[in-house]
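Me: Please take me through one part of this protein at close range. Start from a single residue and work outward. Keep it plain, as I am new to this.

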Amino acid sequence: MTARRAPTPTGKDAIDGTRVAWLRRLAEAPETGVVVACVVVFVTLALVRSSFVSAVNLQGMGFDLAQYGLIAIGESLVILTGGIDLSVGALLGASVILMSWFNVRAGLSAGVAVLAILVITGLIGLAHGLAVTRLDMPPFVVTLVTFTIAQGVTLVITSGTSIVGISDFFATLGQTYLAQIPVPLVLFALVVLVARFFLERTYVGRQVYAVGGNREAARLAGIRSNRRVVSMYVTCSLLSGFAGVLVLGRVGVGSASGIGVGWELTAVAAAIIGGVSLSGGQGRILGVLAGTVLLVLINNGLTTLQVNANYTNIVLGCVLGLAITADRLRARRVALRS
């Protein structure tokens with residue numbers, strides 16, 4: 001008795017099979033739900049308030065996306081290793097103040113001030129990573145210390161007043177456009193591309209996922225786990241400093257009022273909404289991008305609809321709670337499958 005091979009699909013059947021497989025992969029992608037939510041929120045707000053889709057408002061959202069997105073990407077890199085960084089918002093605010101002080105009070109050029117702040121934030125990230133890996137300190141505690149110190153530094157330097165007279169270099173970087181697209185948004189897009197390539201196309205990036213999934217197993221496999229963790233904390237702090245450069249260019253003054261306050265919650269929420277697991281080892285940069293876009297749409301939509309600003313934190317807290325719940329349910333589902 002001879003076995004018969006199933007006929008190979010050809011022509012229209014092959015095309016339909018490829019299309020079905022592609023749609024199935026798209027539906028199963030963790031970012032799909034967030035992208036759909038972004039589309040629904042955008043269309044709804046556009047129908048309710050026509051000014052929402054005006055060029056000025058869209059450009060403003062571009063600036064917001066750049067500043068929140070940079071710290072969200074940094075936060076997601078740390079979460080992928082199984083850690084967390086609560087200092088990203090306060091570190092951004094302190095960077096704005098320190099750069100203003102370096103440029104105006106200390107008389108340093110804008111380039112030197114930017115370089116100094118990147119060195120400082122990089123060293124802070126290095127301290128975070130070493131404290132977590134060498135001293136085995138909880139990331140929550142380590143970064144909470146930096147959060148508190150950074151907020152104190154901003155108040156001590158400014159004494160409640162703004163630092164004015166900063167170099168035009170910052171405004172040129174933070175307020176100019178490239179073909180009607182804000183330059184900060186272009187820079188953010190470049191960071192997204194680099195981060196995505198690093199995580200999904202490089203050997204070291206795959207090691208970051210391995211460390212977050214199971215650090216001990218990664219160590220036994222020959223991966224330098226501590227080095228990967230430290231490098232992610234350094235990158236996270238550097239991105240906070242870089243975001244501070246763009247924010248200073250946008251606001252034009254070194255002000256301690258409101259800049260960076262609570263932004264760490266936005267960064268964590270964007271990462272979790274985008275599919276980054278709090279347990280580490282799972283998540284993609286495109287998801288973080290979609291999560292950030294959704295939060296920016298919600299925040300801007302509330303402002304456009306003239307909703308009391310005090311409700312913004314309530315909405316953000318509810319979204320964060322739903323995201324954490326979804327993350328736990330996703331983790332439980334994965335555990336049941338395995």
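Reply: Start at D64, which is found in helix α3, residues 55-80. Keep in mind that this is a predicted model.

Is D64 buried or exposed? D64 has a relative accessible area of 14%, so it counts as buried, because the cut-off for buried is under 20%. What does its side chain meet? It makes a polar contact with the side chain of R250, at 2.7 Å. Now set aside the neighbours within four places in sequence. D64 is then in contact with G69, R250 and V296.

Follow those partners outward. R250 takes us to helix α11, which runs over residues 225-251. G69 leads to another place. The C-alpha atoms of G69 and L289 are 6.8 Å apart, although 220 residues separate the two along the chain.

Take α11 next. One of its residues is S240. What is the relative accessible area of S240? The value is 0%, so S240 is buried. Beyond four places in sequence, S240 is in contact with I71, V88, L91, L92 and S95.

Helix α11 also packs against helix α8, residues 183-201. Two numbers are used here. Packed helices are described by the angle between their axes and the distance between the axes. For this pair, the angle is about 170° and the axes are 11 Å apart. The pair is therefore roughly antiparallel, because that label applies to angles over 145 degrees. Which residues make the contact? From α8 come P184, L187, V191 and F198. From α11 come M232, L239, F242 and L246. Sort them by class and the result is simple: 8 nonpolar, no polar and no charged residues.

The start of α11 brings in another helix. R215 is found in α10, residues 215-220. Its relative accessibility is 32%, so R215 counts as partly exposed. Leaving out neighbours within four places, R215 is in contact with T81, A210, S225 and V229. Look at T81 in that list. The C-alpha atoms of R215 and T81 are separated by 8.3 Å, with their positions 134 residues apart along the chain.

Back to L289, the residue we reached from G69. L289 is found in helix α13, residues 285-304. Its relative accessible area is 26%, so L289 is partly exposed. Not counting residues up to four places away in sequence, L289 touches F188 and V192.

Now for the nonpolar core. A general point helps. Nonpolar side chains tend to be buried together in soluble globular proteins. Here the largest nonpolar core has 74 residues. Which members touch the most other members? They are I73, L92, F170 and I273. The largest share of this core, 12 residues, comes from α3. That is the helix that holds D64. L92 has come up already, as a contact of S240.

I273 deserves its own stop. Beyond its sequence neighbours up to four places away, I273 touches V34, G291, L294, L295, V319 and A323. I273 is also one of the buried residues of α12. Helix α12 covers residues 263-273, and 10 of its 11 residues are buried. Among these are W263, E264 and T266. After α12 comes G275, whose phi is positive, near 100°.

That raises a point about phi. Most residues other than glycine have a negative phi. Two residues here go the other way. Phi of A179 is near 55°, a positive value in a residue other than glycine. A179 lies in the loop between β1 (177-178) and β2 (181-182). With a relative accessible area of 69%, A179 is exposed. Then there is Q306, with a positive phi of about 60°. Q306 lies in the loop between α13 and α14 (310-337). At 68% relative accessibility, Q306 counts as exposed.

Step back to the whole chain. How many helices and strands are there? The chain has 14 helices and 2 strands. Of its 338 residues, 45% count as buried. Finally, consider contacts between residues at least 6 apart in sequence. Of these, 77% join residues at least 24 apart.

Conventions: Residues are numbered from 1 along each chain as its sequence is written. This is a predicted model: local features need pLDDT of at least 70, side-chain atom pairs count only at pLDDT 80 or more; totals for chains, interfaces and linings use all residues. Side-chain values use heavy atoms; hydrogens and water are left out. Axes are lines fitted to C-alpha atoms, for helices over the stretch in contact, and angles run from 0 to 180 degrees between N-to-C directions. Helices (H or I, at least four residues) and strands (E, at least two) are DSSP runs, numbered from the N terminus. Angles under 35 degrees count as roughly parallel, over 145 as roughly antiparallel, 65 to 115 as roughly perpendicular and the rest as oblique. Contact means heavy atoms within 4.5 Å. Ala, Val, Leu, Ile, Met, Phe, Trp, Tyr, Cys and Pro count as nonpolar, Asp, Glu, Lys and Arg as charged, and the others, Gly among them, as polar. Buried means under 20% relative accessible area, exposed over 50%, partly exposed in between (1.4 Å probe, protein chains only). A polar contact is a pair of N or O atoms within 3.5 Å; within protein, one must be able to donate a hydrogen and the other to accept it, and residues adjacent in sequence count only if both atoms are side-chain atoms. A nonpolar core is a set of buried Ala, Val, Leu, Ile, Met, Phe, Trp, Tyr and Cys residues joined through side-chain atoms within 4.5 Å.
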